[in-house]
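Reader: I should like a close look at one part of this model, beginning with a single residue and its surroundings. Please then connect that account to other parts of the chain, with the computed geometry stated explicitly.

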Amino acid sequence: MEPGLLEPIRVVVTGAAGQIAYSLLYQIAKGDVFGANQPIIIHLLDIPLMMDVLQGVVMELVDCALPLLVGIVPTDDPNVAFKGVSAAFLVGSMPRKQGMERKDLLSANVKIFKVQGEALNNHASKDVKVLVVGNPANTNALVCSKYAPSIPRENFTAMTRLDQNRAQAEIASQLKVGVAKVKNVVIWGNHSSTQYPDARYATVELNGQSVSVPEAIKNDKFLKETFVDTIQKRGAAVIAARKMSSAMSAAKAAADHMRDIWQGTGDRWVSMGVISDGSYGAPKDVVFSFPVTISNRQWKIVPNLQIDDFSKAKLEITGKELLEERDDAYSVCEQ
Ligand code: NAI
């Protein structure tokens, strides 16, 4: 091992022959997620039908000539894919097509996450950090954790970072500032059209001063209606335009999410689906997106935020959907 480099870690990406993975693998392999001193052995899982395509992805990874990438393990066997992994990006599942609601996807996809939960339980490092991207992401993360009882439930998170990034970009665009000037926009609940994008506590840096976003925007109706609606429907808008679901932005969000788990957030808030303890009136024991801060690879829900009546109603809608998804998912798993 070269001086200054850590021991290699094993990282798995599922759905490795798919479109999100195509953008994500490069970010992981070049050090954007786990750091510039962390060599990676990447495990690539896809289904048997996709093994030829996956070979092409392997060739391209090799051809990138990335110094941190010290091994590649392509496979269609979950028992091989999850062996000894310290981090898992669960991307592989059936993507939502135009006009398809998440519910239609649920029964096809939760079974995949049951199998992968069992494989994580049997083969992964016990401190593995698992990010679920494949939809319905929150409920898939819950199912995965249920079938991996030897791994702490807190280690399973679901991706709402794309929604957060979209919300942050939308506020920045409204205020005509760079996206880095906007902080602490929150996504509550499910990664679905019931999510509640909330800018009440967000801040923007204007002329060197930190200003509250509602004060800067000065348009309550915009924040409660147009903004919420735009972010809720952004995924569908991308599908309508591209005829495929978001991939480049989803991969960037997945890299952001895992990087923040690995390297911490400081006092910056990020949103992610985590196992709910009932904070803010959310239902318990579902994977619910909250604002969190992260240090030492442990997340903590941001405490003491006020939930006004408008927000309470929004949280109830998305919480109810997650309870329904949970019931449907558990009944599929038991079949
Ligand atoms: P894709 O169809 O391009 O790739 C999915 C890949 O998963 C395919 O190669 C497929 O063969 C593979 N796959 C299917 N079953 C598998 C299994 N059991 N094990 C391993 N691999 C398996 O789809 P894309 O665009 O990469 O999207 C992946 C997922 O991410 C979809 O569920 C999509 O809805 C979701 N997504 C989630 C977002 C979020 O914000 N949480 C944002 C965008 C997409």
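Author: In this predicted model, Asn121 belongs to helix α4, which covers residues 102-123. Asn121 counts as buried, because its relative accessibility is 16% and the limit for that class is under 20%. Its side chain makes a polar contact with the side chain of Ser150, at 2.5 Å. Ser150 is also among the residues that Asn121 touches once neighbours within four places in sequence are left aside; the full set is Lys126, Tyr147, Ala148, Pro149, Ser150 and Ile151.

The next element to consider is helix α5, which spans residues 137-146. Nine of the ten residues of α5 are buried, so that this helix is mostly covered. The buried residues are Ala137, Asn138, Thr139, Asn140, Ala141, Leu142, Val143, Cys144 and Ser145. The loop between β5 (129-132) and α5 holds Pro136. The peptide bond leading from Asn135 into Pro136 is cis, with an omega near -5 degrees.

Ala158 links this helix to other elements. It is found in strand β6, residues 156-158, and counts as buried because its relative accessibility is 0%. Between Ala158 and Asn140 there are 8.1 Å from C-alpha to C-alpha, although the two are 18 residues apart in sequence. Not counting residues up to four places away in sequence, Ala158 touches Ala137, Asn138 and Ala141, among others; these three are among the buried residues of α5. The contacts of Ala158 also include Leu131 and Val132, which fall within β5 (129-132), and Met272 and Gly273, which fall within β12 (270-275). His257 and Val287 complete the set.

His257 leads to a pair of helices. Helix α6 (residues 161-175) and helix α10 (residues 248-263) have axes that come within 8 Å and cross at roughly 105 degrees. The two helices are therefore roughly perpendicular to each other. On the side of α6 the contact is made by Arg161, Leu162 and Asn165, and on the side of α10 by Ser249, Ala250, Lys252, Ala253, Asp256, His257, Arg259 and Asp260. By type, the residues of this contact comprise five charged, three polar and three nonpolar.

Val287, the other of those two contacts of Ala158, belongs to strand β13, residues 287-295. β13 pairs with β14 in the antiparallel sense over four bridges, and Ile294 stands opposite Trp299 of β14. Two residues lie between the strands of this hairpin, and Asn296 takes a positive phi near 50 degrees there. Arg297, in the loop between β13 and β14, also has a positive phi, near 65 degrees, in a residue other than glycine. Arg297 counts as partly exposed, because its relative accessibility is 36%.

In a regular strand, side chains alternate between the two faces of the sheet. Strand β14 (residues 298-301) shows such an alternation: Trp299 and Ile301 point to one face and are buried, whereas Gln298 and Lys300 point to the other face and are not. Ile301 is in contact with Ser279, as is Phe290, when the neighbours of Ser279 within four places in sequence are left aside. Ser279 lies in the loop between β12 (270-275) and β13 and counts as buried, because its relative accessibility is 18%.

A further sheet may be set beside this hairpin. It is open and consists of three strands in the order β7-β10-β11, with antiparallel pairing. β7 (182-183) and β11 (209-212) are the edge strands, each with a single partner, so one side of each has no neighbour in the sheet. Two bridges join β7 to strand β10, residues 203-206, and the bridge partner of Val182 in β10 is Val204. In the loop between β7 and β8 (186-188) lies Asn184, with a positive phi of about 65 degrees although it is not a glycine. Asn184 is buried because its relative accessible area is 12%.

Methods
Residues are numbered from 1 along each chain as its sequence is written. This is a predicted model: local features need pLDDT of at least 70, side-chain atom pairs count only at pLDDT 80 or more; totals for chains, interfaces and linings use all residues. Side-chain values use heavy atoms; hydrogens and water are left out. Axes are lines fitted to C-alpha atoms, for helices over the stretch in contact, and angles run from 0 to 180 degrees between N-to-C directions. Angles under 35 degrees count as roughly parallel, over 145 as roughly antiparallel, 65 to 115 as roughly perpendicular and the rest as oblique. Contact means heavy atoms within 4.5 Å. Ala, Val, Leu, Ile, Met, Phe, Trp, Tyr, Cys and Pro count as nonpolar, Asp, Glu, Lys and Arg as charged, and the others, Gly among them, as polar. Buried means under 20% relative accessible area, exposed over 50%, partly exposed in between (1.4 Å probe, protein chains only). Two strands pair if DSSP finds at least two bridges between them. A polar contact is a pair of N or O atoms within 3.5 Å; within protein, one must be able to donate a hydrogen and the other to accept it, and residues adjacent in sequence count only if both atoms are side-chain atoms.
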